[in-house]
Amino acid sequence: MHSLASIRNVFLNYFKENSHSVISSSSLVPSNDPTLMFSNSGMVQFKDIFTGKEKRNYTKATTAQRCLRAGGKHNDLENVGHTARHHTFF
C-alpha cells in the first residue's frame, strides 16, 4: 500500500517532469487576503494571478494544496464515498 505522501509526490513529480513549477501549499489561513477566513479551495493561492493583480515567473504550476471544506447551503459531505460522483482526496 502506498502512503499519501508517496501518492502526492508521484502526482507532483509527473507535472514537474512536464515543465510545471511545483508550488508549496499555502497556509490554511490566508495571511494576505482579508476577504477569506480560511482556504476553501486549492486555487486561493492563485487568486491574485487570476484577477490580474500579480504576475509570476511561471505559466504552468502544480501544487498539493491544503484546503478546508465545510458544510453549507449545498452540503454534500455525507455523500463522499457513498456515491460514484462524490470523492475527496486529502
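These legends walk through close-up views of a predicted model.

**View 1. The whole chain, laid out as α-β-α-β from the N terminus.** The model is predicted, with local features needing a pLDDT of at least 70 and side-chain atom pairs counted only at pLDDT 80 or more, while totals for chains, interfaces and linings use all residues. Residues are numbered from 1 along each chain as its sequence is written, and side-chain values use heavy atoms, with hydrogens and water left out. The protein has two helices and two strands; these are DSSP runs numbered from the N terminus, helices being H or I over at least four residues and strands E over at least two. Of its 90 residues, 17% count as buried, where buried means under 20% relative accessible area, exposed means over 50% and partly exposed is anything in between (1.4 Å probe, protein chains only). About 7,400 Å² of the protein is exposed, and carbon and sulfur atoms supply 56% of that; the areas come from the Shrake-Rupley method with a 1.4 Å probe, and for residues only the protein chains shown count as cover. As for contacts (heavy atoms within 4.5 Å), residues 24 or more positions apart account for 52% of those with a separation of 6 or more.

**View 2. How confident the predictor is, element by element.** The score here is pLDDT, the predictor's confidence in each residue on a scale from 0 to 100. Its mean over the protein is 82, and 79% of the residues reach 70 or more. Among the elements, strand 1 has the highest mean at 96, and helix 2 has the lowest at 89. A word of caution: where pLDDT is low, the predicted coordinates should not be read in detail.

**View 3. Thr62, a buried residue in strand 2.** Strand 2 covers residues 61-62. Thr62 has a relative accessible area of just 5%, so it counts as buried. Leaving out residues up to four places away in sequence, Thr62 touches Phe11, Leu12, Phe15, His20, Ser21, Val22 and Ile23.

**View 4. Thr63 and its two polar partners, Ile23 and Gln45.** Step on to the segment after strand 2 and you reach Thr63, which is buried at 17% relative accessible area. Its side chain reaches the backbone oxygen of Ile23 at 2.9 Å. The Thr63 side chain also makes a polar contact with the side chain of Gln45, at 3.3 Å. A polar contact here is a pair of N or O atoms within 3.5 Å; within protein, one must be able to donate a hydrogen and the other to accept it, and residues adjacent in sequence count only if both atoms are side-chain atoms. With neighbours within four places set aside, the residues in contact with Thr63 include Phe11, Leu12, Ser24 and Phe46.

**View 5. Lys60, in the loop between helix 2 and strand 2.** Lys60 counts as partly exposed, at 36% relative accessibility. A polar atom of its side chain lies 3.4 Å from the backbone oxygen of Asn18. Beyond four places in sequence, Lys60 touches Asn18, Ser19, His20 and Ser21. The C-alpha atoms of Lys60 and Lys16 are 9.5 Å apart, though 44 residues separate the two along the chain.

**View 6. The two salt bridges of the model.** Side chains of opposite charge can pair when their charged atoms come close. The rule used here asks for a side-chain nitrogen of Lys or Arg within 4 Å of a carboxyl oxygen of Asp or Glu. One bridge joins Asp33 and Lys47, 3.0 Å from N to O. Asp33 sits in the loop between strand 1 (21-22) and helix 2 (47-50) and Lys47 in helix 2, so the pair ties together parts 14 residues apart in sequence. Asp33 is buried at 12% relative accessibility, while Lys47 is partly exposed at 33%. In the other bridge, the closest N and O atoms of Arg56 and Glu54 are 2.8 Å apart. Arg56 is partly exposed at 29%, and Glu54 is partly exposed at 29% too.

**View 7. An aromatic cluster of Phe11, Tyr14 and Phe15.** Rings of Phe, Tyr and Trp (its six-membered ring) pair if their centres lie within 6.5 Å; planes under 30 degrees apart count as stacked, over 60 as edge-to-face and the rest as tilted. The whole structure holds two such pairs. One of them, Tyr14 with Phe15, is edge-to-face, at 5.0 Å centre to centre and 90° between the planes. Tyr14 is partly exposed at 49% relative accessible area, and Phe15 is partly exposed at 24%.
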